Amino acid sequence: MAAATARAAVNRSRTLGAAVAAAIGLTLLTGCGSSDAGAVPDGWGKLDTKSLSVGYPKDKGYKEQPAADRSKSNAAVALKTEGGLRTGMVSVQLDFATGVDDAGEAAAAAGAGIGLGATRKATSDVRLAGEESARDARRIDYEFTSSGREQTPASGTPMTGVVVAGVDSKDVPFAIRINAVKGSLSAKDLDAFVGSITVK
């Protein structure tokens, strides 16, 4: 009787040990490269590229631009058009600079493209969703006035923008921008834009 009880205890111990080992193994597997994804708000669409995905406010009139229509410098674009004018734009640029190894260098290169007339409002380090090795990025908030050229709002129209820059898990630099007529997107919308990014 005592022997049978001992064997049962050993079997229970082995079963428990196997279950714990399996659970640990599963944790290790799922921990290799984060599977977390950015939170794309309800009503938004998503631009997907080889380096990252990002949400855009589809419910506010933004529409993805066909590849044939967008600039070659952009990997993905969503536009808002009103009365024939581009009043909002989300764009993704990949591999846009050379010699870039980290988020700070990517932000410096992306910031240079903001424009001489732009006013930087804030710069902050952010942690994006996605691959652990690529989650560090930098956010730059800025304001500028429209030039009135190339179907943009009338010259002098106040605009607001955010650029998020970093380097993906394959060391490809990226810059994600959202520009819009000032006041058309709230601070919450801009934060949601940053929160929707998933790096690969």
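Trainee: Which residue does Arg-138 form a salt bridge with?
Mentor: Asp-125. In this predicted model, the closest N and O atoms of that pair are 2.9 Å apart.

Trainee: And where do those two sit in the chain?
Mentor: Arg-138 belongs to strand β8, residues 136–145, and Asp-125 to strand β6, residues 119–127. They are 13 residues apart, and the pair links distant parts of the chain.

Trainee: Is Asp-125 buried or exposed?
Mentor: Exposed, because its relative accessible area is 59% and the cut-off for exposed is over 50%. Arg-138 is partly exposed, at 28%.

Trainee: OK, new topic. How many salt bridges does the structure hold?
Mentor: Nine. One of them is between the side chains of Lys-60 and Asp-189, at 3.7 Å from N to O. That pair also links distant parts of the chain, with the two positions 129 residues apart in numbering. Lys-60 is in the loop between β2 (52–56) and β3 (62–64), while Asp-189 is in helix α3, residues 187–195.

Trainee: Why does Asp-189 count as buried?
Mentor: Because its relative accessible area is 14%, and buried means under 20%. Lys-60 has 31%, so Lys-60 is partly exposed.

Trainee: What about Glu-132, which partner does it have at 3.4 Å?
Mentor: Arg-135; that 3.4 Å is the distance between their closest N and O atoms. Glu-132 is partly exposed, with 44% relative accessibility.

Trainee: Which residues make up the network there?
Mentor: Arg-127, Glu-132, Arg-135 and Asp-136, joined by salt bridges that share partners.

Technical notes:
Residues are numbered from 1 along each chain as its sequence is written. This is a predicted model: local features need pLDDT of at least 70, side-chain atom pairs count only at pLDDT 80 or more; totals for chains, interfaces and linings use all residues. Side-chain values use heavy atoms; hydrogens and water are left out. A salt bridge is a side-chain nitrogen of Lys or Arg within 4 Å of a carboxyl oxygen of Asp or Glu. Helices (H or I, at least four residues) and strands (E, at least two) are DSSP runs, numbered from the N terminus. Buried means under 20% relative accessible area, exposed over 50%, partly exposed in between (1.4 Å probe, protein chains only).
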